[in-house]
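Me: I am a first-year student, and I would like a careful look at one part of this protein, namely its nonpolar core and the helices that build it. Please explain each term when you use it.

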Amino acid sequence: MAAALSDAHRRFLQALLARGVVEAAEAERLRRLCCQRHPAPGGSEQLDDFVGALNEQLQPLSMEIRKGSAEDSGRTYVALVNLAETNITKMASDFSESELELFKKTLDLILLSGNGFASSTEILNLADQLKPKKMKKMEVEQVLQQLVQKKWLCEKEGEYTLHVRSILELEQYIFRHYPESARKCHICHSLSVQSQVCEDCGIVLHCSCLSKYFQTQPEPRCPHCKQFWPHRIPDLHSPSQLPSSARRESRKASRMGLRHQQ
């Protein structure tokens, strides 16, 4: 039988519920703070053990604290995921029906784009297609800001993609509703939205996964078919996010991969 949760565990869970998703470093800071405020035996345990104890209690509730990596930077995030509710209705408490419809259509644009991005222009053009109520473009912009603030979307230079929170919470929904375009990274086996594609065998790799993988290889070859990897390998060890030039290369690689599949 799982041990009862301590006050530190409960405080940590409340903090995670309020934030939705946090970077792993922030999760560790929260763990230390909660353990300092509520000292208890075992309070010096590491984050993974601390979360493991929480997950034992959350399992009967069909909830789980999961880790995932941002596709562009490789940074690790921690999120509380509802396993029983695997569709977009889990966002209903924060967004209206029309706003959820906007998110669904934005999801369509991102996942069917072949490169994992949707431009702000494409999304704004959805304004008069929404049901049950059309929206003004200014209203669409406001909803997009909320989706970014709540970490469902990321925005970079006028282009939108899925935040790691969306990938962690909606992964099964995406695999179920986008079977032709949703693919798993060959290295980490999680959903891959932003990726490069091998032109020979068609496997996909997250930019962060391939950057780490090729660091340990004498030359850049596909981990599956061993053919030479022709795409630019991004350097994700700088403090900045993946630059726009690397995103363009990733999009080019994705398009070439789509042609390969066809």
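Reply: The core comes first below, then the packing of two helices, and then some salt bridges and a loop.

This is a predicted model, in which local features need pLDDT of at least 70 and side-chain atom pairs count only at pLDDT 80 or more, while totals for chains, interfaces and linings use all residues. Residues are numbered from 1 along each chain as its sequence is written, and side-chain values use heavy atoms, with hydrogens and water left out.

A nonpolar core is here a set of buried Ala, Val, Leu, Ile, Met, Phe, Trp, Tyr and Cys residues joined through side-chain atoms within 4.5 Å. Buried means under 20% relative accessible area, exposed means over 50%, and partly exposed lies in between (1.4 Å probe, protein chains only). The largest nonpolar core has 32 residues, and among these L147, L162 and I174 touch the most other members. Two or more residues each are given to this core by α4 (97–111), α5 (120–124), α6 (137–149), β6 (159–162) and α7 (164–177), where helices (H or I, at least four residues) and strands (E, at least two) are DSSP runs numbered from the N terminus. The largest share, 6 residues, comes from α4. As a general matter, in soluble globular proteins nonpolar side chains tend to be buried together.

To see how one core residue is surrounded, take I174: leaving aside its neighbours within four places in sequence, I174 is in contact with L107, L111, L162, A182 and L191, contact meaning heavy atoms within 4.5 Å. A second, separate core of 20 residues includes L16, A24, I65 and L80.

The packing of α4 against α7 can now be described. The axes of α4 and α7 come within 14 Å and cross at roughly 80°; such axes are lines fitted to C-alpha atoms, for helices over the stretch in contact, and angles run from 0 to 180 degrees between N-to-C directions. The two helices α4 and α7 are therefore roughly perpendicular to each other, since angles of 65 to 115 degrees count as roughly perpendicular, those under 35 as roughly parallel, those over 145 as roughly antiparallel and the rest as oblique. From α4 the contact is made by F103, L107 and L111, and from α7 by S166, L170, Y173 and I174. These residues divide into 6 nonpolar, 1 polar and no charged, where Ala, Val, Leu, Ile, Met, Phe, Trp, Tyr, Cys and Pro count as nonpolar, Asp, Glu, Lys and Arg as charged, and the others, Gly among them, as polar.

Charged side chains appear elsewhere in the model. A salt bridge is a side-chain nitrogen of Lys or Arg within 4 Å of a carboxyl oxygen of Asp or Glu, and by this rule the count comes to 9. One of them joins the side chains of E26 and R29 (2.8 Å, N to O); being 3 residues apart in helix α2 (residues 24–37), E26 and R29 are separated by about one helical turn. E26 is partly exposed, with a relative accessible area of 24%, and R29 at 38% also counts as partly exposed. Another salt bridge joins R31 and E28 (2.8 Å, N to O), and here R31 is buried, with a relative accessible area of 7%.

Lastly, P220 is found in the loop between α8 (207–215) and α9 (244–261), and P220 is partly exposed at 23% relative accessible area.
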